[in-house]
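Biologist: I would like to go through a model with you and ask for the reason behind each label. Please keep the answers plain.

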Amino acid sequence: MLDREGFRPNVGIILLNAHNEVWWGKRVREHSWQFPQGGIKYGETPEQAMYRELEEEIGLRPEHVKIVGRTRDWLRYEVPDHFIKREIRGHYRGQKQIWFLLRMCARDSEVNLRLTDHPEFDAWRWHEYWVPLDVVIEFKREVYQRALQELSRFLSWPPHGERRHSARYLRQPHGRGQQGQTSKDVPAQEVVGCDGTALAGAKR
């Protein structure tokens with residue numbers, strides 16, 4: 001489904017933990033990292049597409065997150081020709097995206113990268129909000145920067161010098177109900193739900 005200018009409607013997801021760190025996924029069999037994103041199907045609203053992509057790509061359901069904000073309008077990027085299938089070149093130009101900022105209300109163990117037969121990511125980590133754009137594929141970098149800048153207005157930051165920094169540990173994919181292959185060095189920290197209360201027995 002393309003608009004008149006050749007852009008496919010799409011959603012992007014910036015998922016926060018209690019420390020305003022963002023969920024950062026490593027693409028399957030690649031050395032690039034990105035946020036979850038995906039196309040809006042015919043008849044879907046951007047919010048419906050966001051919840052579907054959230055579950056398909058990282059295994060989280062609506063009850064696991066809270067919407068903090070979204071971009072006011074579409075953010076667009078063009079895809080270079082060599083990334084476009086030959087049969088749609090000349091018609092397809094790229095993506096136009098609505099970006100959502102979400103707060104995670106669940107434990108890290110709820111993340112499941114293998115919910116579908118065609119996973120998008122094979123590892124993930126929490127990262128400082130201002131992610132390193134040099135690890136994002138070049139044609140997406142400007143949109144990432146614009147989305148992060150616009151959505152940062154919804155956040156309240158701790159006083160200067162008290163901001164937490166991500167430990168940057170990888171979480172390897174695993175199925176629900178299985179023991180996670182999380183790094184043994186991950187420090188135990190309290191996990192706070194979206195209502196500000198600690199999740200019972202939850203540590204990350």
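Modeller: A helix here is a DSSP run of H or I with at least four residues, and a strand is a run of E with at least two. Keep in mind that this is a predicted model.

Biologist: UniProt lists a feature for residues 38-59; what is it called there?

Modeller: The unreviewed UniProt entry calls it "short sequence motif: Nudix box". Such annotations may be inferred rather than shown by experiment.

Biologist: What makes up the chain over residues 38-59, and how far apart are the end C-alpha atoms?

Modeller: This stretch is 59% helix and 9% strand. Its end C-alpha atoms are 14 Å apart.

Biologist: How many helices and strands does the protein come to?

Modeller: There are 2 helices and 10 strands. Along the sequence they follow the pattern β-β-β-β-α-β-β-β-β-α-β-β.

Biologist: Why is Glu21 called buried?

Modeller: The cut-off for buried is under 20% relative accessible area. Glu21 has 3% relative accessibility, so Glu21 counts as buried. Glu21 is in the loop between β1 and β2. The C-alpha atoms of Glu21 and Trp130 are 8.7 Å apart, with their positions 109 residues apart along the chain.

Biologist: And Asn20, buried or exposed?

Modeller: Asn20 has 8% relative accessibility and therefore counts as buried. Asn20 also lies in the loop between β1 and β2.

Biologist: What makes Arg29 exposed?

Modeller: Exposed means over 50%. Arg29 has a relative accessible area of 77%, so Arg29 is exposed. Arg29 is found in the loop between β2 and β3.

Biologist: What is the sign of phi in Asn20, and what is the sign in Arg29?

Modeller: Asn20 has a positive phi of about 60° and is not a glycine. Phi of Arg29 is near 60°, again a positive value in a residue other than glycine. Most residues other than glycine have a negative phi.

Biologist: How do you know that Leu15 is buried?

Modeller: The relative accessible area of Leu15 is 0%, so Leu15 is buried. Leu15 is in strand β1. Its C-alpha atom is 6.0 Å from that of Leu101, and the two are 86 residues apart in sequence. Ile13 is in strand β1 too. At 0% relative accessibility, Ile13 counts as buried. From Ile13 to Leu102 the C-alpha distance is 7.3 Å, and their separation in sequence is 89 residues.

Biologist: What share of the 204 residues of the protein counts as buried?

Modeller: The share is 46%.

Biologist: What makes a set of residues a nonpolar core?

Modeller: The members are buried residues of nonpolar kinds, joined through side-chain atoms within 4.5 Å. The largest nonpolar core has 23 residues, and Ile14, Val22, Trp24, Phe35, Trp99, Leu101 and Tyr129 touch the most other members. The elements that give two or more residues to this core are β1, β2, β6, β7 and α2. Of these, α2 gives the most, with 5 residues. In soluble globular proteins, nonpolar side chains tend to be buried together.

Biologist: Which residues of helix α2 are buried?

Modeller: They are Val143, Tyr144, Ala147, Leu148, Glu150 and Leu151. They cover an arc of only 170° around the axis, and therefore lie on the same side of α2. An α-helix has 3.6 residues a turn, so residues three or four places apart point the same way.

Biologist: What is the volume of the largest pocket?

Modeller: The volume is about 850 Å³. The lining has 30 residues, of which Arg8, Arg27, Gln37, Gln95 and Glu120 lie nearest the centre of the pocket. Elements that give two or more residues to the lining are β1, β3, β4 and α1.

Biologist: How do the residues of that lining divide?

Modeller: They divide into 12 nonpolar, 9 polar and 9 charged.

Conventions
Residues are numbered from 1 along each chain as its sequence is written. This is a predicted model: local features need pLDDT of at least 70, side-chain atom pairs count only at pLDDT 80 or more; totals for chains, interfaces and linings use all residues. Side-chain values use heavy atoms; hydrogens and water are left out. Buried means under 20% relative accessible area, exposed over 50%, partly exposed in between (1.4 Å probe, protein chains only). The arc is that of the directions from the helix axis to the C-beta atoms. On a 1 Å grid over the protein atoms alone, a cavity is a set of points where a 1.4 Å probe fits but cannot get out, and a pocket is an open set with protein on both sides within 12 Å along at least five of seven lines; lining residues have an atom within 4 Å of a point. Grid points are joined across faces, edges and corners, and a volume is the space filled by probe spheres set on the points. Ala, Val, Leu, Ile, Met, Phe, Trp, Tyr, Cys and Pro count as nonpolar, Asp, Glu, Lys and Arg as charged, and the others, Gly among them, as polar.
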